[in-house]
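Please look over the fold shown here before reading on. The notes below walk through its interior, its charged pairs and its rings.

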Amino acid sequence: MPNKQVTSQVDKYEVKDHQSIELLKELHILTRDGKMNQDSRRKIKQVSHLIQFIEPIIHSVTAEKGQFHLIDFGAGKSYLGFMLYDLVTKLLKTPYKIIGIEVRQELVEYCRKLAKQLDFQQMEFYQLSAEQTHTATQIPSTIDIVTALHACNTATDDAISFALQKDVAHLILVPCCQAELASLLKKNKAASLKNNFFTALWKYPIHTREFGSHLTNVIRCLYLESKGYEVTVTELVGWEHSLKNELIIAHKSPHAGKMAKAHDQLKNILLEFNLITLAHRYEVYIE
């Protein structure tokens with residue numbers, strides 16, 4: 001139980017009674033003397049808001065299957081994974097695993113050490129590249145939920161590819177720093193400017209970056225829809241807290257007509273914006 005000094009801070013900032021104060025200090029949400037600064041408030045607001053979307057999915061899966069497996073893709077220090085475990089899953093009475101995937105070994109070792117220190121026995125961490133996740137024997141054959149928080153550049157695509165290969169029913173994605181498509185828009189600008197007035201949308205570098213980010217997520221959502229997912233896009237938190245703020249939630253719900261329509265829209269966008277080099281990734285075949 002938290003001490004009196006920490007309790008006053010916990011009550012004030014709505015940290016739950018069952019949460020680990022040791023974890024909150026390790027994640028720098030609370031200082032060593034149990035206080036919280038402005039940056040900590042922003043962090044906990046973002047993650048707590050995201051967990052509000054994930055928690056009902058976990059309860060739905062466990063009610064149906066009696067267990068669940070969640071993969072946190074590009075976990076980093078697994079801020080989301082640890083908070084999810086501490087807030088939600090350690091209260092469950094059904095079996096589960098939260099597995100963090102990260103390419104940097106030092107971060108994997110950090111997370112393993114912290115999980116052991118906190119006695120979070122149902123957390124596992126593996127150093128794996130995006131390609132290795134498809135065949136890694138450490139990963140359970142059935143995955144129910146994939147999360148990717150602030151997945152930079154193409155890491156969101158890697159998470160989607162993994163989820164499709166594993167036939168995952170639920171995805172929760174917060175993309176970040178989508179630079180790849182913006183660079184393609186810039187590269188193809190000269191050719192496109194000759195015949196397409198739409199290129200005024202990325203005439204200036206700042207517009208190229210922002211339009212590229214927007215278009216990247218539109219393409220991802222259409223791709224998920226074309227593969228049989230119902231997709232919702234919303235804000236993670238208010239824009240005053242973060243500019244990397246788009247939250248994509250996808251649930252498997254195949255409908256042949258919707259899938260075909262999304263595939264056609266995706267193909268037309270790739271053609272219209274001269275992005276043919278991305279066609280293979282999104283399983284679009286252009287003659």
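This report covers cores, a helix face, selected residues, salt bridges and aromatic pairs.

## Model

The structure is a predicted model. Every value below is computed from that model.

## Nonpolar cores

The largest nonpolar core has 44 residues. Within this core, Ile-71, Ile-219, Leu-224 and Leu-275 touch the most other members. Helix H9, residues 205–226, gives the most to the core, with seven residues. Another core lies apart from it. That one has 43 residues, including Tyr-79, Leu-80, Cys-111 and Leu-114. In soluble globular proteins, nonpolar side chains tend to be buried together.

Take Ile-219 as an example from the largest core. Leaving aside neighbours within four places in sequence, Ile-219 is in contact with six residues named here: Leu-181, Leu-266, Ile-269, Leu-270, Leu-275 and Tyr-282.

## Helix H7: two faces

Which residues of helix H7 are buried? In H7, residues 179–187, they are Leu-181, Ala-182, Leu-184 and Leu-185. These residues cover an arc of only 160° around the axis, so they sit on the same side of H7.

The face turned away from that buried side carries Lys-186 and Lys-187. Both of these lysines are exposed.

## Asp-86 and its surroundings

Asp-86 belongs to helix H4, residues 79–87. Is Asp-86 buried or exposed? Its relative accessibility is 0%, so Asp-86 counts as buried. The side chain of Asp-86 meets that of Lys-90 in a salt bridge, at 2.5 Å from N to O. Lys-90 is partly exposed, with a relative accessible area of 30%. The bridge therefore pairs a buried acid with a partly exposed base.

Beyond four places in sequence, Asp-86 touches His-18, Gln-19, Ser-20, Leu-23 and Phe-120. Gln-19 sits in the loop between helix H1 (4–12) and helix H2 (21–26). Gln-19 is buried, with a relative accessible area of 6%. Not counting neighbours within four places in sequence, Gln-19 is in contact with Leu-24, Met-83, Asp-86, Leu-87 and Lys-90. Asp-86 and Lys-90 thus appear together around Gln-19.

## Tyr-110

Tyr-110 lies in helix H5, residues 105–118. At 21% relative accessibility, Tyr-110 counts as partly exposed; the cut-off for buried is under 20%.

Leaving aside neighbours within four places in sequence, Tyr-110 is in contact with Glu-26 and Lys-77. Tyr-110 and Lys-77 are 33 residues apart along the chain. Their C-alpha atoms are separated by 7.3 Å.

## Salt bridges

How many salt bridges does the structure hold? There are 11. One of them joins Glu-102 and Arg-104, with the closest N and O atoms 2.7 Å apart. Glu-102 is buried, at 6% relative accessible area. Arg-104 is partly exposed, at 43%.

Lys-227 forms a salt bridge with Glu-283, and their closest N and O atoms are 3.1 Å apart. Lys-227 lies in the loop between H9 and strand S6 (229–235), and Glu-283 in the segment after helix H10 (256–272), so the pair ties together parts that are 56 residues apart in sequence. Lys-227 is partly exposed, at 29% relative accessibility. Glu-283 is also partly exposed, at 29%. Elsewhere, shared partners join Asp-157, Glu-180, Arg-220 and Arg-281 into one salt-bridge network.

## Aromatic pairs

The whole structure contains 10 aromatic pairs. One of them is Trp-202 with Phe-273, a tilted pair at 5.9 Å centre to centre, with 55° between the planes. This pair links distant parts of the chain, 71 residues apart. Trp-202 is in the loop between helix H8 (189–193) and H9, while Phe-273 is in the segment after H10. Trp-202 is buried, at 1% relative accessibility. Phe-273 is buried too, at 13%.

Phe-273 also pairs with Phe-211. Their ring centres are 5.6 Å apart and their planes are at 55°, so this pair is tilted. Phe-211 is in helix H9, and the two residues are 62 apart along the chain. Both are buried. Separately, one aromatic cluster is formed by Phe-68, Phe-82, Tyr-85, Tyr-96, Phe-120 and Phe-125. Phe-120 is also among the residues touched by Asp-86.

How values were computed: Residues numbered from 1 in each chain as written. Predicted model: local features only at pLDDT ≥ 70, side-chain atom pairs only at ≥ 80, totals over all residues. Heavy atoms only, no water. Core = buried A, V, L, I, M, F, W, Y, C linked by side-chain atoms within 4.5 Å. Buried < 20%, exposed > 50% of the residue type's maximum accessible area, 1.4 Å probe, protein only. Helix = DSSP H or I, 4+ residues; strand = E, 2+ residues; numbered from the N terminus. Contact = heavy atoms within 4.5 Å. Arc of directions from axis to C-beta. Salt bridge = Lys/Arg side-chain N within 4 Å of Asp/Glu carboxyl O. Phe/Tyr/Trp six-rings, centres within 6.5 Å; stacked < 30°, edge-to-face > 60°.
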